[in-house]
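Colleague: I am new to this structure and should be grateful for a close look at a single part of it. Could you take the sheet and explain how it is put together and what surrounds it?

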Amino acid sequence: MALFKKRTVGKPGEWYYCLEHKKVEEGPECPNKDRFGPYTSRTEAERAMETARARNLQWENDPKWHDAPAGGRNEE
């Protein structure tokens, strides 16, 4: 028996998208590192990858998140 191994128990009504198995789960079945969520509905969890792509695109185009150019000086 492994010490400190905690079994993740799912809660009804919480939905997750498993990145490892590429499927929606009600309640977490897989480890945190392998899933997105929780979501409030199955439909929302099914769109997890689409939501992630849209958010990544927003962040990539947000001028507040761009680092200064190499060399440490802003070129204008």
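Modeller: The following account begins with the chain as a whole and then turns to the sheet, strand by strand.

The model is a predicted one. Its protein chain contains two helices and three strands, and along the sequence these elements follow the pattern β-β-β-α-α. Of the 76 residues in the chain, 20% count as buried. The chain exposes about 6,800 Å², of which carbon and sulfur atoms supply 51%. Among the contacts with a separation of 6 or more, 21% come from residues 24 or more positions apart.

The sheet itself is open and consists of three strands in the order 2-1-3, with antiparallel pairing. Strand 2 and strand 3, the latter spanning 35–39, are the edge strands, each pairing on one side only. On average, neighbouring strands of this sheet are turned by 25 degrees against each other, direction ignored. As a general matter, the strands of a sheet pair through backbone hydrogen bonds, in either a parallel or an antiparallel manner.

Let us consider the pairing of strand 1 with strand 2. Strand 1 covers residues 15–18 and strand 2 covers residues 23–26, and four bridges join them in the antiparallel sense. Within this pairing, Glu25 of strand 2 is the bridge partner of Tyr16. The two strands form a hairpin with four residues between them. Lys22 belongs to the loop between strand 1 and strand 2, and its phi is positive, near 55 degrees, in a residue other than glycine. Lys22 counts as exposed because its relative accessible area is 59%, and the cut-off for that class is over 50%.

The turn may also be related to a later part of the chain. Glu46 and Lys22 are 24 residues apart in sequence, while their C-alpha atoms are 9.6 Å apart in space. Glu46 lies in helix 1, which comprises residues 42–46. With a relative accessibility of 47%, Glu46 counts as partly exposed.

On its other pairing, strand 1 is joined to strand 3 by three bridges, and these two strands run antiparallel. Two cross-strand positions illustrate the arrangement: Tyr17 stands opposite Phe36 in strand 3, and Trp15 stands opposite Tyr39 in strand 3. Strand 3 also contains Pro38. The peptide bond that joins Gly37 and Pro38 is cis, with omega about 10 degrees.

The side chains of strand 1 deserve separate attention. In a regular strand, side chains alternate between the two faces of the sheet. Here, Trp15 and Tyr17 point one way from strand 1, whereas Tyr16 and Cys18 point the other way, and all of them are buried. Despite the aromatic residues named here, the structure holds zero aromatic pairs.

What lies over the face of Tyr16? Arg35 occupies that position, at 4.5 Å from the ring centre. Tyr16 may also be related to Pro28, as the C-alpha atoms of these two residues are separated by 6.3 Å although they are twelve residues apart along the chain. Pro28 lies in the loop between strand 2 and strand 3. Pro28 counts as buried because its relative accessibility is 8%, and the cut-off for that class is under 20%.

To recapitulate the sheet, its strands stand in the order 2-1-3, with four bridges between strand 1 and strand 2 and three bridges between strand 1 and strand 3. Helix 2, which spans residues 48–60, packs on this sheet and touches strand 1 and strand 3. The direction of helix 2 makes about 100 degrees with that of strand 3.

Methods. Residues numbered from 1 in each chain as written. Predicted model: local features only at pLDDT ≥ 70, side-chain atom pairs only at ≥ 80, totals over all residues. Heavy atoms only, no water. Phe/Tyr/Trp six-rings, centres within 6.5 Å; stacked < 30°, edge-to-face > 60°. Lys NZ or Arg CZ within 6 Å of the ring centre and 35° of its normal. Pairing = 2+ DSSP bridges. Buried < 20%, exposed > 50% of the residue type's maximum accessible area, 1.4 Å probe, protein only. Contact = heavy atoms within 4.5 Å. Areas by Shrake-Rupley, 256 points an atom, 1.4 Å probe, with all protein chains shown as cover. Axes fitted to C-alpha atoms, helices over the stretch in contact; angles between N-to-C directions.
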